[in-house]
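Q: Please take a close look at the aromatic ring pairs in this model and at the packing that surrounds them. Cut-offs should be stated where terms come up.

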Amino acid sequence: MFQDLLNSDESIRRKVASSLLEQAESSDRNLVGSVPELLGIAQQNSDDLVTIQIAEAVATICEKHPSASREYSREIIRTIEVLSNREITNADADTLIDTTISHLFRAQKDALISDKNMLKDALPLLFKTLKQEGAARYVAYTIVSHAVNEDARILEEYTRDIIQLVAGGMTELSGTFLNLYHVNSTTFHSEFNSLMRIFNTQPDARSFILSLFLEIAKDEPALLTPHVELLLSQMQSAATAPTASMALTEIARASPQSVYAYIERIQQSMKTVDSLKYTVPPLLGIIGQHSETTAREVIPVLGKMLEESDPSVVTSALIELRNLGHMNQDLLGSYMPRIRSLTKSTHQHIRDQANLIIDHAEGRDLRSLASQIDEQNKLIREAAVSVDALKKYLDDNIEDLKHFIAGVVKKLPVPVRFSTEGRAKKTLRLHFSCGIQTAGCLYPRDREFVTETTTWNKWLKLALSAVSAGVSMLNPLDGTAIDQVRNAYQSYKTTYDKEFLAFINEPFLTSAEQDSLVTQLRDARFFDVFKYDPTIGNWACIMCVKSK
């Protein structure tokens, strides 16, 4: 029957093609097995209208019977390629071909996204379609966009193509930039001039480019240093000001003098855009650290923020004032009464930061971290004559421990829980979750960031000190902080309390040991997706930090 689709009589083949289309639309399951034959006929048929009807029938079959999309995906992609290469002289037929290709792609979308190998094979055709006008272009975009969100590594080699497509006007694809940047930042750095052109000529892509500039500023601030004026111009709008100010902060870390000249404009922007009070304090702090002269200019702005009602704003201002006070404590003179009053705040983070400033002012933080660690370990060692004695010491000294651990956690995140893979492997699984957890969170508690380590003893020591200080909870292990760590320890060492006491005799890791654990997390790409947020005193995923 289907051979009549190649009949030399035009009326016969078109009648059969129309009948085929009607059968497909009636959900005739018998047609599923005929898809390869139909595609073969479509590829060799010289009648444009018949070819279109056959392809439309196949697309309809695949929509009504999704298994056909997966089973015959490669044949369908090959047919799309043949159709896209077909020379059409009739304008109406050309439009119909484009519509048919769009229909076939749409029918293949789920199959392509679910099979990475199949998707890789289809990428050349998808990008060829993206570079052409027509309905099929949008369907190709939805497939590519979804693929980048699922796993940007698949599109890594097409990064430059996507940048050029956006530069050419397909601004919808700019939404893929951030995910692609995390797998191929080098290409974005080399195409920086193209990104600037997109920013200046494509308003619809501007917000995505600005977010990208923030990431670039963290990695290659020199690229953005000549464009400080452009970033300042974005601080006049509530929609773009926070991101622009954070990008300026990263530039200032590398070159404070390049931003210092604009301090008056930054302050003026704060009067116009209220949300800048959340993001500008770190920028002011970095500018202030350039010299005592700049510090004297920014301290009044930060001091005024101590009167804000939002605890996160007050906390951020205190953090920067503390840093500036380390340069010269006298700089904070007129603000010390207010800072002292904040040690009685109902908010823990405010109290903690205010106390740190007071400690410095009264000479209590002049010891190095190393000597503090040695002293803490000595006290623990003397107390740890038994597990019960160790528990009592930690309970009695909880406030001191909190103060001490708070400084460690900024550098080294503490897992929310551990899991074990069995004593034979000697592997500990570290589970991290976001400290903010908005609706778009990358790592909420039910989808944690997990990495493995063989240096379990160091991580358990970190957990002991952190859990004891109330920084983290090692669920699902039960009991007190000591019992939780002891249970995990005994997954690896089946011994009595005596050996466990020897293990936690010096629970606080040295700076060198902390550095080694930081290196482990860096190798696991933890710091690519998590950032420390001083306003919550915890680590959060990059999406929640950005949203916040």
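A: What follows goes from the ring pairs to the nonpolar cores, then to two helices and the confidence values.

This is a predicted model, in which local features need pLDDT of at least 70 and side-chain atom pairs count only at pLDDT 80 or more, while totals for chains, interfaces and linings use all residues. Residues are numbered from 1 along each chain as its sequence is written, and side-chain values use heavy atoms, with hydrogens and water left out.

Rings of Phe, Tyr and Trp (its six-membered ring) pair if their centres lie within 6.5 Å; planes under 30 degrees apart are stacked, over 60 edge-to-face, and the rest tilted. The count by this rule is 17 aromatic pairs. One of them joins phenylalanine 432 and phenylalanine 449, edge-to-face, with 6.4 Å between centres and 65° between planes. Phenylalanine 432 belongs to strand E2 (residues 428-432) and phenylalanine 449 to strand E3 (residues 449-453), so this pair ties together parts 17 residues apart in sequence. Helices (H or I, at least four residues) and strands (E, at least two) are DSSP runs, numbered from the N terminus.

Buried means under 20% relative accessible area, exposed over 50%, and partly exposed in between (1.4 Å probe, protein chains only). Phenylalanine 432 is buried at 2%, and phenylalanine 449 is buried at 8%. Tyrosine 532 and tryptophan 539 make another edge-to-face pair, 5.7 Å centre to centre with 65° between the planes. Here tryptophan 539 is buried, with a relative accessible area of 7%, whereas tyrosine 532 is partly exposed at 22%. Both pairs fall within a cluster linked by ring pairs: Phe432, Tyr443, Phe449, Phe526, Phe527, Phe530, Tyr532 and Trp539.

Next come the cores. A nonpolar core is a set of buried Ala, Val, Leu, Ile, Met, Phe, Trp, Tyr and Cys residues joined through side-chain atoms within 4.5 Å. In the largest one, of 125 residues, Leu5, Leu155, Phe177, Leu195 and Phe213 touch the most other members. Helix H3 supplies the largest share of this core, 9 residues. Apart from it lies another core, of 21 residues, whose members include Phe449, Phe527, Phe530 and Ala540.

Contact means heavy atoms within 4.5 Å. Leaving aside neighbours within four places in sequence, phenylalanine 213 is in contact with Phe192, Leu195, Met196, Phe199, Leu224 and Leu230.

Helix H3 (residues 48-64) also holds threonine 60, which is buried at 8%. Beyond four places in sequence, threonine 60 is in contact with Ala24, Glu25 and His103. Its C-alpha is 8.2 Å from that of leucine 21, 39 residues away along the chain. Glutamine 53 is found in H3 too and is buried at 14%; outside four places in sequence, glutamine 53 is in contact with Arg14, Ala17, Ser18 and Leu21.

Helix H8 (residues 135-150) has 16 residues and reaches 24 Å from first C-alpha to last, close to the 22 Å expected at 1.5 Å a residue; the expected span is 1.5 Å times one less than the number of residues. Among its buried residues are Arg137, Tyr141 and Val148.

Finally, confidence: pLDDT is the predictor's confidence in each residue, from 0 to 100. The chain averages 82, and 78% of the residues score at least 70. Over residues 366-370 the pLDDT is below 50, and this stretch has 5 contacts beyond near neighbours in sequence. Residues 467-482 also stay under 50, with 51 contacts beyond four places in sequence in the model. Where pLDDT is low, the predicted coordinates should not be read in detail.
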